[in-house]
Amino acid sequence: MAVPDQTIPTHPAVEIQGVTLNYFTPDRETLALANVSLTVEQGEFVAIVGSSGCGKSTLLSLVSGLLPPSRGSIRIDGKEVAKPSPRVGYMFQKDTLLEWRTIIDNVLIGAELLGIDKIVARRRAEDLLVRYGLGDFLHSLPGQLSGGMRQRAALARTLCCEPDLLLLDEPFSALDYQTRLALSDEVAGILSAERKTVILVTHDIGEAISMANRVIVMSRRPGRIKSERKTDFPSFGPTRPTPFQARKCSEFANYFQTIWDELDIHQIH
Ligand SMILES: Nc1ncnc2c1ncn2[C@@H]1O[C@H](COP(=O)(O)OP(=O)(O)OP(=O)(O)O)[C@@H](O)[C@H]1O
Ligand SMILES: [Mg+2]
């Protein structure tokens, strides 16, 4: 008797094909993205940089299934995205903590919705919050936290349900420089150890180069993909350096200069 083929097809984690997005408001139509195509492999860490308003957050909303594209298609694990999925963790640019719930209860929202075992979820939530320096604020309300603390709570909430694909929209932007470096090092370590697929949006070129395997540069609105570049650090050796180590590698400055030039930030529009 023939043995059924048990091989699981391996699709890229995310396939964005010819995606265009128009926003319609009563007074105008805004072409936010024009013909964007991008493939992200399983376990890959991709960073997207581009000037303000070029459509980075829009692109994440499309991948998350919160917004349908005007044209083109988006697939996750080979399946067309139709609605948000629990396997996708989306950390919004603006934290969406619920002001009436304590920090621990905010972090547990996703686990509650998914029906994950309460004790397991709580242990994981507490562990993440302690690791992110919020151990004394489990029972505080979001309004009692600083911007950076809220951002760390939102990151803990995104990671708590252990999604396979993470969409992180400027997750470290409200943090002071030192915390930002320490946390990006820690988060990159966790995500690569767990083989997560990540799309990170950031304005920080150094963060993009040091954390991601590939950096995508988007053009000004309407957003298009202007360039993409793998960030390898052969001077470090056969393994990937941590973000902190990557910043000290000889390749770092070259990547920084090239991406800086491509971003064309000298003019503010
Ligand atoms: N809900 C909306 N309705 C109408 N227009 C929108 C909406 N959201 C975004 N836009 C417009 O779409 C364009 C892209 O916005 P988006 O937020 O994706 O940019 P971004 O690259 O994330 O910018 P930033 O770096 O400032 O966060 C902008 O011109 C913005 O004004
Ligand atoms: Mg944005």
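Helices and strands here are DSSP runs, numbered from the N terminus, with at least four residues for a helix (H or I) and at least two for a strand (E). On that footing, R195 sits in the loop between α6 and β8 (197–201). The model is a predicted one, and R195 is a handy place to start looking at its backbone. Its phi is near 55°, a positive value in a residue other than glycine. R195 is also exposed, at 58% relative accessible area.

E170 shows a positive phi too, of about 50°, and again is not a glycine. This residue lies in the loop between β7 (165–169) and α6. Unlike exposed R195, E170 counts as buried, because its relative accessibility is 10% and the cut-off for buried is under 20%. One more backbone detail turns up in the loop between β9 (214–218) and β10 (225–230), the place of P222. There, the peptide bond from R221 to P222 is cis, with omega near -5°. For context, most residues other than glycine have a negative phi, and most peptide bonds are trans.

Zooming out, the protein chain comes to nine helices and ten strands. Its radius of gyration is 19 Å, close to the 18 Å that the globule rule gives for 269 residues, so the chain is as compact as a globular protein of that length. Taken along the principal axes, the C-alpha atoms fill a box of roughly 55 × 55 × 45 Å. Of the 269 residues, 50% count as buried. As for contacts between residues at least 6 apart in sequence, 68% join residues at least 24 apart.

Helix packing comes next. Helix α5 (residues 147–160) and helix α6 (residues 177–193) pack at an angle of about 0°, with their axes 13 Å apart. The two are therefore roughly parallel to each other, as angles under 35 degrees count as such. On the α5 side, the contact is made by R152, L155 and L159, while α6 brings in T179, L183, V187 and L191. Sorted by class, that makes five nonpolar residues, one polar and one charged.

Finally, there is the magnesium ion (ligand 2). Its protein donors are S57, through OG, and Q93, through OE1, lying 2.0 to 2.2 Å from the ion. This pair links distant parts of the chain, 36 residues apart: S57 belongs to helix α1 (residues 56–64), and Q93 to the loop between β6 (88–91) and α2 (103–107). Both donors are partly exposed, S57 with a relative accessible area of 23% and Q93 at 43%.

Terms used
Residues numbered from 1 in each chain as written. Chains lettered and ligands numbered in written order. Predicted model: local features only at pLDDT ≥ 70, side-chain atom pairs only at ≥ 80, totals over all residues. Heavy atoms only, no water. Donors = N, O, S within 2.8 Å, 3.2 Å for Na, K, Ca; no water. Buried < 20%, exposed > 50% of the residue type's maximum accessible area, 1.4 Å probe, protein only. Axes fitted to C-alpha atoms, helices over the stretch in contact; angles between N-to-C directions. Parallel < 35°, antiparallel > 145°, perpendicular 65-115°, else oblique. Contact = heavy atoms within 4.5 Å. Nonpolar A, V, L, I, M, F, W, Y, C, P; charged D, E, K, R; others polar. Rg over C-alpha atoms; globule rule 2.2 N^0.38 Å.
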